[in-house]
Amino acid sequence: MPPIDLSALRHEFHKMPELGFAEERTKARIAGILEDLGVETTIGVGVVGVLKRGSGNRAIGLRADMDALPIHEASNHDYVSQTAGVMHACGHDGHMTMLLGAAEALAEDSNFDGTVVFIFQPNEEHGLGAQAMISEGLLERLPVEEIYAIHNLPGAPVGQVSTRPGQICSSESLFEILIEGQGGHASMPQVGRDAITIGAEVVQALQTIVSRKLAPGAGVVVSVTEILTDGQRNVLPGIATLKGDVRARVPEDREEVARLMRRLAEGIGTAHGVKISVKFNTEFIETINAPEQTRAVVEAGLALGLETEGNREPMSFSEDFAHFSAAVPGCFLLLGNGQEGPCAQPLHSDDYDFNDDLLPIGAAFWAQLVRERLPIAGNEGD
């Protein structure tokens with residue numbers, strides 16, 4: 001096959017975004033490219049390619065995410081999304097392209113000894129795709145010894161590598177608090193149990209979890225994002241539902257937030273004579289980088305002459321790669337996407353764009369990492 005035009009391929013992916021667990025065209029396109037490269041390929045909930053060279057029995061996994069977001073694109077370039085209300089606003093189009101570029105380079109270059117598993121994961125945005133691939137038997141069928149993932153970082157210099165050992169991304173938990181009071185006439189609040197006033201008290205109490213009940217600097221965020229009631233213009237609500245989001249850096253803090261949330265809700269409910277129940281569901285666990293694999297990422301970045309930061313601050317966002325790195329030692333790293341224009345816009349914004357200049361850098365980084373982690377005997381340390 002002719003060499004992959006990375007920019008053209010990325011633009012193709014950008015024009016055909018698909019939401020989580022619906023990435024059918026994307027999966028078919030990826031599988032076709034891998035097969036043309038001579039990579040053993042299987043399609044399941046995601047796409048997996050296996051490339052083996054030499055006689056080494058070590059295997060490493062490289063992951064890229066495939067899904068887009070339900071966002072209407074506001075860009076004006078010539079490869080805007082062709083699917084209304086769906087957009088690659090997080091750079092997964094670039095992540096896929098970089099990994100396919102690495103597959104091409106490694107398929108043509110036998111300068112490694114072992115097995116590379118190219119993992120194209122669905123539904124990262126909802127924290128469901130990694131576990132789906134694990135449940136499908138990926139790690140039993142292909143027992144990789146270590147695993148890696150790249151995410152672009154808007155606002156950082158193009159190609160800057162940054163990572164850290166230990167926790168790098170926060171967990172995300174969603175909560176729902178149901179208040180069951182007694183509705184009534186807005187002119188006679190004393191005869192009911194106004195759920196919205198009680199809900200406001202709960203909202204205020206939740207803010208004390210971070211400010212007064214956890215250690216300063218814990219990095220926990222508790223946000224109430226929705227308040228839903230059955231009230232009307234002159235009807236006091238009897239039912240109120242509070243929904244929100246919790247981010248935490250360590251499981252202990254996450255579990256403590258859930259415990260305190262339930263205790264506060266129970267106390268307020270008792271004080272007002274109403275029933276308050278709490279649902280707390282963790283969709284993304286904390287992403288933890290293993291020390292050895294983090295050192296390998298730093299060494300690969302330095303070997304390519306890239307600006308490299310090996311002890312960056314943790315990120316507040318969450319990442320589904322956490323399920324892979326909880327099962328296998330791994331490292332999640334960030335690559336700078338640029339500091340100007342659409343490439344510097346925040347992830348998930350409607351005018352964000354992945355930087356095409358990053359494509360060959362990411363592909364070269366993946367190939368360098370493979371050669372360092374799966375060296376041919378006698379090439380160690382080259």
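**Entry 1: a network of charged side chains**

I began with the charged residues, and I found that Arg 58, Glu 145, Glu 146, Glu 292 and Arg 373 are linked in a network of salt bridges. I note here that I am reading a predicted model. Counting through the structure, I arrive at 18 salt bridges.

From the network I picked out one pair, Arg 373 and Glu 146, whose closest N and O atoms are 2.7 Å apart. Arg 373 belongs to helix α10 (residues 358–373) and Glu 146 to strand β5 (residues 146–153), so this pair ties together parts that are 227 residues apart in sequence. I then asked myself whether Arg 373 is buried or exposed. Its relative accessible area is 14%, and because buried means under 20%, Arg 373 counts as buried. Glu 146 is buried as well, with a relative accessible area of 2%.

**Entry 2: a pair between two strands**

Next I looked up Lys 275, which forms a salt bridge with Glu 180, the closest N and O atoms being 4.0 Å apart. This pair also links distant parts of the chain, since Lys 275 sits in strand β13 and Glu 180 in strand β8, 95 residues apart. Lys 275 counts as exposed at 54% relative accessibility, whereas Glu 180 is partly exposed at 31%.

**Entry 3: a pair within one helix**

I turned to Glu 24 and Lys 27, whose side chains meet in a salt bridge at 3.7 Å, N to O. Both residues lie in helix α2 (residues 24–36), and they are 3 residues apart, about one turn of the helix. I reminded myself that an α-helix has 3.6 residues a turn, so residues three or four places apart point the same way. I recorded Glu 24 as partly exposed, at 49% relative accessibility, and Lys 27 as buried, at 5%.

**Entry 4: helix α6 and its surroundings**

Last, I followed helix α6 (residues 195–212), which has 18 residues and reaches 25 Å from its first C-alpha to its last, close to the 26 Å expected at 1.5 Å a residue. At its N-terminal end I found a cap: a side-chain oxygen of Asp 194 lies 3.0 Å from the backbone nitrogen of Ile 196.

Which residues of α6 are buried? I listed Ala 195, Ile 198, Gly 199, Val 202, Val 203, Ala 205, Leu 206 and Ile 209. I then checked what these buried residues pack against, and I wrote down the strands β8 (171–180), β10 (221–229), β12 (239–248) and β13 (275–284), together with helix α7 (251–272).

Conventions. Residues are numbered from 1 along each chain as its sequence is written. This is a predicted model: local features need pLDDT of at least 70, side-chain atom pairs count only at pLDDT 80 or more; totals for chains, interfaces and linings use all residues. Side-chain values use heavy atoms; hydrogens and water are left out. Helices (H or I, at least four residues) and strands (E, at least two) are DSSP runs, numbered from the N terminus. The expected span of a helix is 1.5 Å times one less than its number of residues. Buried means under 20% relative accessible area, exposed over 50%, partly exposed in between (1.4 Å probe, protein chains only). Contact means heavy atoms within 4.5 Å. A polar contact is a pair of N or O atoms within 3.5 Å; within protein, one must be able to donate a hydrogen and the other to accept it, and residues adjacent in sequence count only if both atoms are side-chain atoms.
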